[in-house]
Amino acid sequence: MAAGLQRLFNNLGRLGIGVAVVGGVVSQALYNVNAGHRAVIFDRFTGVKDYVTGEGTHFIIPWVQRPVIYDCRSRPRNVAVTTGSKDLQNVNITLRILFRPLAAQLPKMYMSLGEDYDERVLPSITTEVLKAVVAQFDAGELITQRENVSHRVSEELTERAKQFGLLLDDISLTHLTFGHDFTTAVEAKQVAQQDAEKARFYVEKAEQQKLAAIIAAEGDAKAAELLAKSFTSAGDGLIELRRLEAAEDIAYQMSRSRNVAYLPKNQSTLLNLPMQ
């Protein structure tokens, strides 16, 4: 009985070891490619395979083949470049790029660039293209024709990236500044323009005031002329009429005031004082 159990345990132990070995071999022979990724197979005997493995679970020969996983989804990268414009002004530009590798060219990319292809390619070609495009525009044109500059950079950079197996989904200029001297000159020009506008406003205001004074003087002269004609035709009667009208108006205004009282002539009724 004891010998039978011993043989059973030995058989189970050998079976467990076999299962573990088989499980280890199977786990080494399987690999997963997640969504949006692709795999390149490196063989120790034949080198990089010329095909690309898609998403899912796949088999390889353990210890002979090794999968190299690439992320084929669009990824952002910012590249900052300092260059010169056509009029020799320093320009600081930051370019934002959405890029991804072309799946069909992954084996060639792995052999020539490795896994960090973006670090090797994007900074150099971006700097090259930006320097070539920006040098064709003045500093002022870079501001007024920014859309045209962005379009030129996008076309040339997309064409340049294709040579390395990269597809650029979006390219945009996110930052554009100039050197300190140019910025100071632009600010001084803006201040001068504001001063000129202010001076023009003062000149126009003085002209309007002058015109208003001329019109008022012409009105006064016309009024004096009319008065002179009235005096000639009516004599002193017009003056006496105006005097009576003014006296009537004064009397009306005083009659409405509580601080004014009318007393008969030669009377002292308010204080009831004896006459001396």
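A salt bridge here is a side-chain nitrogen of Lys or Arg within 4 Å of a carboxyl oxygen of Asp or Glu. By that rule, the side chains of Arg120 and Asp116 meet in one, at 3.0 Å from N to O. This is a predicted model, where local features need pLDDT of at least 70 and side-chain atom pairs count only at pLDDT 80 or more, while totals for chains, interfaces and linings use all residues. Residues are numbered from 1 along each chain as its sequence is written, and side-chain values use heavy atoms, with hydrogens and water left out.

**View 1. The whole protein, with its 7 helices and 8 strands.** Helices (H or I, at least four residues) and strands (E, at least two) are DSSP runs, numbered from the N terminus. Of the 276 residues, 24% are buried; that word means under 20% relative accessible area, with exposed being over 50% and partly exposed in between (1.4 Å probe, protein chains only). The protein exposes about 19,400 Å², and carbon and sulfur atoms supply 57% of that area. Areas come from the Shrake-Rupley method with a 1.4 Å probe, and for residues only the protein chains shown count as cover. Now for contacts, meaning heavy atoms within 4.5 Å: among those with a separation of 6 or more, 65% link residues 24 or more positions apart.

**View 2. The hairpin made by strands E6 and E7.** E6 covers residues 75–84 and E7 covers residues 90–101, and the two run antiparallel, paired over 10 bridges. Two strands pair if DSSP finds at least two bridges between them. Look across from Arg77 and you'll find Ile97 in E7. The hairpin has 5 residues between its strands, and Leu88 in the turn has a positive phi of about 65°.

**View 3. Helix H3, residues 117–134, and its buried side.** H3 has 18 residues and reaches 26 Å from its first C-alpha to its last, close to the 26 Å expected at 1.5 Å a residue. The expected span is 1.5 Å times one less than the number of residues. Which residues of H3 are buried? They are Tyr117, Asp118, Val121, Leu122, Ile125, Thr126, Val129, Leu130, Val133 and Val134. They cover an arc of only 145° around the axis, so they sit on the same side of H3. That arc is taken from the directions from the helix axis to the C-beta atoms. As background, an α-helix has 3.6 residues a turn, so residues three or four places apart point the same way.

**View 4. A few of the 9 salt bridges in the structure.** Side chains of opposite charge can pair when their charged atoms come close. Asp71 teams up with Arg73, their closest N and O atoms being 3.0 Å apart; Arg73 is partly exposed, at 45% relative accessible area. Back at the Arg120 pair, Asp116 is partly exposed too, at 36%.

**View 5. Arg152 in helix H5 and its neighbours.** Arg152 forms a salt bridge with Glu156, with 3.9 Å between the closest N and O atoms. These two are 4 residues apart in H5 (residues 146–162), which means about one helical turn separates them. Both count as partly exposed: Arg152 has 23% relative accessibility, and Glu156 has 33%. Elsewhere, salt bridges that share partners join Arg77, Asp118 and Glu119 into one network. Leaving aside residues up to four places away in sequence, Arg152 touches Val133, Gln136 and Phe137. Val133 is 19 residues from Arg152 along the chain, and their C-alpha atoms are separated by 7.1 Å.
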